[in-house]
Amino acid sequence: MVEAATRMQAPIERTAPDAIRLERTFDAPVETVWRYLVEGDLRSQWFAGGGDAKADGELDLVFDHDKLSADNVPYPAQYADHKGAVSHETVVRFEPEQVLAFTFGGGKNGIATFELFPEGGRTRLVLTHSGIQSGTGAQDFGSGWTSHLAVLQEKLAGRSVPDFWALHAQSREAVAEALG
């Protein structure tokens, strides 16, 4: 069962036929959220590990979602072949504690841009994924980002997600409803 704190709400919008936008506010300062975006070890706790993001650099994302669940849960069959996959990306925008943008899917599925805005001791994060080429694009990327941002929210609050894949299934439903 997914904890109440991570129940899905899908504040997501399609901003263009090939773009989605998600916005979240975290109970953590900008410098902490920034570290979870750019440091590979911290990023692996909510999304994908790999190297640290650097200005105008290459960025390998290593997908091992076993690290996202507190409980020992297996990969669902439809995602099992992605376990341990490495995606070679390029950082296209790097403004410390303000903006991080990198290619997605080796540059074949657009650019993910994270913008950070301080709000007192909290941080508003705006994620725009543009240039999506996948046929199921907004739905798939929207549910993925919704799930991963929920994990980030829990990590920043000092909590964990018992079962990432249950959270992901919930997110698919919420995003489908939000996007129509």
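Okay, let's start at a hairpin: strands E1 and E2 form one, with two residues between them. E1 covers residues 12–16 and E2 covers residues 19–26, and the two run antiparallel, joined by four bridges. If you want a pair to click on, glutamate 13 sits opposite arginine 21 in E2.

Before I go on, a word on confidence, since this is a predicted model. The mean pLDDT of the protein chain is 91, and 93% of its residues reach 70 or more. The bit to watch is residues 1–8, where the pLDDT is below 50. That stretch still has 21 contacts in the model beyond near neighbours in sequence. But where pLDDT is low, the predicted coordinates shouldn't be read in detail, and I'll leave it there.

Right, back to the strands. On from the hairpin, E2 is joined to strand E8, residues 122–130, by eight bridges, and those two run antiparallel as well. Here phenylalanine 26 stands opposite threonine 123 in E8. Then E8 pairs with strand E7, residues 111–119, over nine bridges, again in the antiparallel sense. Look at threonine 123 once more: it's also the bridge partner of proline 118.

So what order do the strands take in the open sheet? Reading across, you get E1-E2-E8-E7-E6-E5-E4-E3, eight strands with antiparallel pairing. And which strands stand at the edges? Those are E1 and E3, the latter being residues 49–50. Each has a single partner strand, so one side of each is left without a neighbour in the sheet.

Now for what packs on that sheet. Helix H3 does, touching E1, E2, E7 and E8, and its direction makes about 10° with that of E2.

H3, residues 137–156, also packs with helix H4, residues 164–179. The angle there is about 130°, with the axes 8 Å apart. That angle makes H3 oblique to H4. As for handedness, H3 passes H4 in a right-handed crossing.

Who's meeting whom? From H3 the contact includes Ala138, Gly142, Gly144, Ser147, His148 and Val151. On the H4 side, among the residues they meet, you'll find Phe164, Leu167, His168, Arg172, Val175 and Leu179. How do the residues of that contact divide? We get eight nonpolar, nine polar and two charged. The H3 list also has Asp140 in it, by the way.

That's my tour: the hairpin, the sheet, then the helices.

Terms used
Residues numbered from 1 in each chain as written. Predicted model: local features only at pLDDT ≥ 70, side-chain atom pairs only at ≥ 80, totals over all residues. Heavy atoms only, no water. Axes fitted to C-alpha atoms, helices over the stretch in contact; angles between N-to-C directions. Parallel < 35°, antiparallel > 145°, perpendicular 65-115°, else oblique. Left-handed = near helix turned anticlockwise from the far one by under 90°. Contact = heavy atoms within 4.5 Å. Nonpolar A, V, L, I, M, F, W, Y, C, P; charged D, E, K, R; others polar. Pairing = 2+ DSSP bridges. pLDDT = per-residue confidence, 0-100.
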